[in-house]
2 protein chains.
Amino acid sequence: MKKKDTAPKQDGVTRQPFPNSKKIYVQGKIHPEIKVAMREIELSDTVDSMTKKRTPNEPVTVYDTSGPYTDPTKEINIHNGLERIREQWILERGDVEELNEFTSDYCNERLNDKSLDHLRFNLKHKPKRAKKGQNVTQLHYAKKGIITPEMEYIAIRENQRIDEMTRLSKQHPGQDFGASIPAKITPEFVREEVARGRAVIPSNINHPEAEPMILGRNFLVKINANIGNSATTSSIEEEVEKAVWACRWGADNIMDLSTGKNIHETREWIIRNSPVPVGTVPIYQALEKVNGIAEDLTWEIFRDTLIEQAEQGVDYFTIHAGVRLRYVPMTAKRITGIVSRGGSIMAKWCLAHHKESFLYTHFEEICEIMKAYDVAFSLGDGLRPGCIADANDEAQFAELETLGELTKIARKHEVQCFIEGPGHVPMHMIKANMDKQIEACDEAPFYTLGPLTTDIAPGYDHITSGIGAAMIGWYGCAMLCYVTPKEHLGLPNKEDVRTGVVTYKLAAHAADLAKGHPGAQHRDDALSKARFEFRWEDQFNLGLDPELAREYHDETLPAEGAKIAHFCSMCGPKFCSMKISQEVRDFAAENKVEGDEVFAKGMEEKSKEFKDKGSEVYL
Amino acid sequence: MKKKDTAPKQDGVTRQPFPNSKKIYVQGKIHPEIKVAMREIELSDTVDSMTKKRTPNEPVTVYDTSGPYTDPTKEINIHNGLERIREQWILERGDVEELNEFTSDYCNERLNDKSLDHLRFNLKHKPKRAKKGQNVTQLHYAKKGIITPEMEYIAIRENQRIDEMTRLSKQHPGQDFGASIPAKITPEFVREEVARGRAVIPSNINHPEAEPMILGRNFLVKINANIGNSATTSSIEEEVEKAVWACRWGADNIMDLSTGKNIHETREWIIRNSPVPVGTVPIYQALEKVNGIAEDLTWEIFRDTLIEQAEQGVDYFTIHAGVRLRYVPMTAKRITGIVSRGGSIMAKWCLAHHKESFLYTHFEEICEIMKAYDVAFSLGDGLRPGCIADANDEAQFAELETLGELTKIARKHEVQCFIEGPGHVPMHMIKANMDKQIEACDEAPFYTLGPLTTDIAPGYDHITSGIGAAMIGWYGCAMLCYVTPKEHLGLPNKEDVRTGVVTYKLAAHAADLAKGHPGAQHRDDALSKARFEFRWEDQFNLGLDPELAREYHDETLPAEGAKIAHFCSMCGPKFCSMKISQEVRDFAAENKVEGDEVFAKGMEEKSKEFKDKGSEVYL
């Protein structure tokens, strides 16, 4: 695949709007201060092939994760960070205090290190924390019956203005496997789902730049893109661009999995410039703090890391608290043992100390920290299978049961919580994962990596896993963690990230269609109508990757004229099924035939008419 | 994705063997003259991380569609064509006659046209046809209780020597939805499946170069790659290379869908050099013969085209005989009408003549032709849906019922027959397609295009469709027609063909795992074991695309040393979950702990030992 990155940059980040698209902002009703960002794609007219009459096509509104970067009217300076759209909503609740300084030792150590000044984001805002005794989670508000601005934002966003658009077909009823997807997402529905723990709004009070979004089986399936450096260190601008780029193509969430130097400073730049929630795996950074010696990890170091990251604004933490000592030996006979980094770190710690991990034993203290900032749990699956052979084994499901117990504890604390899942699973064993997770974790949102449905295609694991991702999304998974073509082989570059994100976006959409999210089919219908009518530009622009579609088209037929031609490059002008098909339709319409009526109306005559009218399509 | 085609060419076709692989030939028992080609991948030793002891890894045998091109011991000259491995088998049955000349008028017209001499393949063999009154189909033999060499070849090929390889894990039991997959494929099982019409062996007596293969729900899922020129004409060498290239990456079948000039001559070159069965859609060529005017098509022209192609050796014909006049108006209200080229041609013909098509009215005569050469029917789905909205509609399923009736007629004539299917179908509506097809067509093999599970990702339709393909393969589909990234946009180039074929190969394999084909998991296990043990070269070589995997790896860590390093590029040397996991395993093995035994044995002490032994993994 050849792809060109021709988008103009500002501050090193991509800002080009999508073609024929404009950003629109839909106002809230309960909270009129809300302005929900969406993208509206303008379409060209349909031209009747016989009469040449033009009929306008309504614009199509689509869910937009790209943030203000694709809005040319917004001024952006990554040194200032994005507009803090949730700032007032948070302050108005009256339950947070602004701290005079960061409360993590490590954070202050870094802040006081003058040698890092050149790396530092210019912090203009003080960290916030719940006032003593307060709980600032969306779950807490939801249970109190409060519809927060975040909830209304999400309700508007999930509907994608479907009620305002003319449906082009009757959407197929979905098969939802016991989900409760309503015909329209209301703010009250969002509240209810959050209240019962069936949905999560990752929304740290210290990340007011993020546009609210929701994870839950009764909402659109979301995707996550992992970013972050590893052995090599990239520049700050590059790190911010990674986030912007991933969101541009459709990432609903990003996880910063950096393990290099200056994680703390890099994270600050990412969060301040991220329009989507940001997750991390705090144990990675904690391990850096003990020079990579897993046995030297302590609860104190981990605790300080949680506070450090919570005060920066991380929206959810992956915490591998389900790796219990007794489960570790269950992995000894696996073909690929433990493949989760967090899981293996904790397994090593457990074995070395012959103790349950501090993540497990201090779980309630972790909850206390989480609720002071509204950081959500992403309960990590440290024992997920790393190959087809190890799928759905004793270790994996034992951990899942423990994650279910921990979910109950998190909920008791009114801390938002979702659950991570595998991994590598053959197709016929995927549903068991979803079903067991729903049961063990009482419908807490599920967040899976793939799963990969075979191990034999390194270089194509975005596809081996995209298959499993689409399926588990259909079965009820709330968020799909993307896999790039470089999985198992190397670090993804920018084009790999784009390929991974778009692959997962299409998988998530396939799942939305299958489970029956209201209005999901509208974009498919609009694109297919454009395709049928040879509106090439509209076909490109309604797709997930307009640039690539156009590039592929132009490889065969580069002339601009070909984009308004009533044929396509597959068959050429003489031999086009779509064109013949349009004739069939014209014929039927003209003769008002429907089904068996054809016969009743004396088709012999009609067919003569058809010929006489010069039905010739071939040029 | 960047891919380099560095393979050396001979006669313009790719001949490079796969890395660390050799071609092996397994001899038949019933028919000792059979030599079934397979590929054996040599692996390196496992080196114990503690003791440095080396343990050899058995080579892995894999299904190989690449033909003699990847066997350096074979001499190949595309001007002579491939070795005619089935020639003697066919002659020994004593039921065919060699014709002194071709019996198609068009064929003879072309042969007598001196201006085409430079294009012509140097024919050395006369066409064969069944002796008067004989039926030479595999179905006919199967019903008579004969196990043909083709059947034994297939039995050996389907098993991939699994009995001779040491299993690395217990394969997960499949979920086969009522299929009858045995623990081992025997020649008698192949015969039974063919006899009851549940499997098809595409094997025209005039294509003795092809290595026998089978389509059926109880066998490995197969894939088809479409090749052929369109508006532009390629050179003969290019056309042959297209076929060789598609087979190299895993195409079990190819369809020559050429619509340009010199279709007849090009086809001859392709068939003479194709190691896999070749299918066509004869109506395309028939239409060329009437200058593209669908209404001018006649039974006589079509009949002559069938004979022309059957005597060249086409193994199966797509015949859109299910497009009945009364179904055509059912498509008028669709978003994308009729998208099958063959379907739209026949629809136009039906409307113009107000008659059932000659494909339908002359179906029994077509059967008579098919059985004289053993050409199989691929009953075309001319009314397949072209978008999500049109999936599973009245027109589609009405045609499917007709295809079921035609299947009965074909079987009455003992002509092999399989059925084509959609198209564009959301995930939750795929299974209904498979189930209805099984019922309507009495388990005749199903052969689907995708299906595409969403319309919104032009440029990524190999993936939108790979999802549906994997699923329907699991549900029982016998062959998956590939889709390339250029679908809907343009003509695939070589790299698109590779991407499409590998995508479909992995989808087919995911389906084999899910339905439980015996031994399917062995390659996954071997690759995962290599991955876990950081045998990088083995991991590449066991994959479907070793070149691409290596290229991706080398992008991050190009040094040769990195390929024997005990870490990977994702985490670097300090931070590797696989490495930690190996430690956990070593620890457990050394201490002989299993599950709760850990506790019984006084783990406190063990963990001390672990530390004392210098468990440090970080360099």
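Visitor: Which residue does A:Glu87 meet in a salt bridge, and at what N to O distance?

Guide: A:Lys128, at 3.1 Å, N to O, side chain to side chain. A salt bridge here is a side-chain nitrogen of Lys or Arg within 4 Å of a carboxyl oxygen of Asp or Glu.

Visitor: Which elements do the two sit in?

Guide: A:Glu87 lies in helix H1 (residues 87–92) of chain A, and A:Lys128 in strand E9 (residues 128–130) of chain A, so the pair ties together parts 41 residues apart in sequence. Helices (H or I, at least four residues) and strands (E, at least two) are DSSP runs, numbered from the N terminus.

Visitor: What sort of model is this, and how is it numbered?

Guide: This is a predicted model: local features need pLDDT of at least 70, side-chain atom pairs count only at pLDDT 80 or more, and totals for chains, interfaces and linings use all residues. Residues are numbered from 1 along each chain as its sequence is written, chains are lettered from A and ligands numbered from 1 in the order in which they are written, and side-chain values use heavy atoms, leaving out hydrogens and water.

Visitor: Back to the pair. Is A:Glu87 buried or exposed?

Guide: A:Glu87 counts as buried, at 12% relative accessibility. A:Lys128 is buried too, with a relative accessible area of 0%. Buried means under 20% relative accessible area, exposed over 50%, partly exposed in between (1.4 Å probe, protein chains only).

Visitor: What about A:Glu308? Which residue is its salt-bridge partner?

Guide: A:Arg267, at 3.4 Å, N to O. A:Glu308 is in helix H9 (residues 299–312) of chain A and A:Arg267 in helix H7 (residues 263–272) of chain A, 41 residues apart. A:Glu308 is buried at 0% relative accessible area, and A:Arg267 at 2%.

Visitor: And chain B? What does B:Asp393 pair with?

Guide: B:Arg334, with the closest N and O atoms 2.7 Å apart. B:Asp393 lies in the loop between strand E16 (376–379) and helix H13 (394–412) of chain B; B:Arg334 lies in the loop between strand E15 (316–319) and helix H10 (341–353) of chain B, so the pair ties together parts 59 residues apart in sequence. Both B:Asp393 and B:Arg334 are buried.

Visitor: Which residues form a network through shared salt-bridge partners?

Guide: A:Arg84, A:Glu87, A:Lys128, A:Glu209, A:Glu268 and A:Arg272 join into one network. The whole structure has 96 salt bridges over all chains.

Visitor: New topic. How many strands does the closed barrel in chain A have?

Guide: Eight, in the order E12-E13-E14-E15-E16-E17-E18-E19, with parallel pairing. The twist averages 25° from one strand to the next. Two strands pair if DSSP finds at least two bridges between them.

Visitor: How many bridges join E16 to E17 in chain A?

Guide: Three, between E16 (residues 376–379) and E17 (residues 417–421). A:Phe377 has A:Cys417 in E17(A) as its bridge partner.

Visitor: Which helix lies across those two?

Guide: H13 (residues 394–412) of chain A, running at about 170° to E17(A). Axes are lines fitted to C-alpha atoms, for helices over the stretch in contact (heavy atoms within 4.5 Å), and angles run from 0 to 180 degrees between N-to-C directions.

Visitor: Last one. What does A:Glu158 touch?

Guide: Its contacts include A:Tyr63, A:Phe219, A:Lys222 and A:His517, not counting residues up to four places away in sequence. A:Glu158 sits in helix H4 (residues 149–159) of chain A. A:Glu158 is buried, at 1% relative accessible area.
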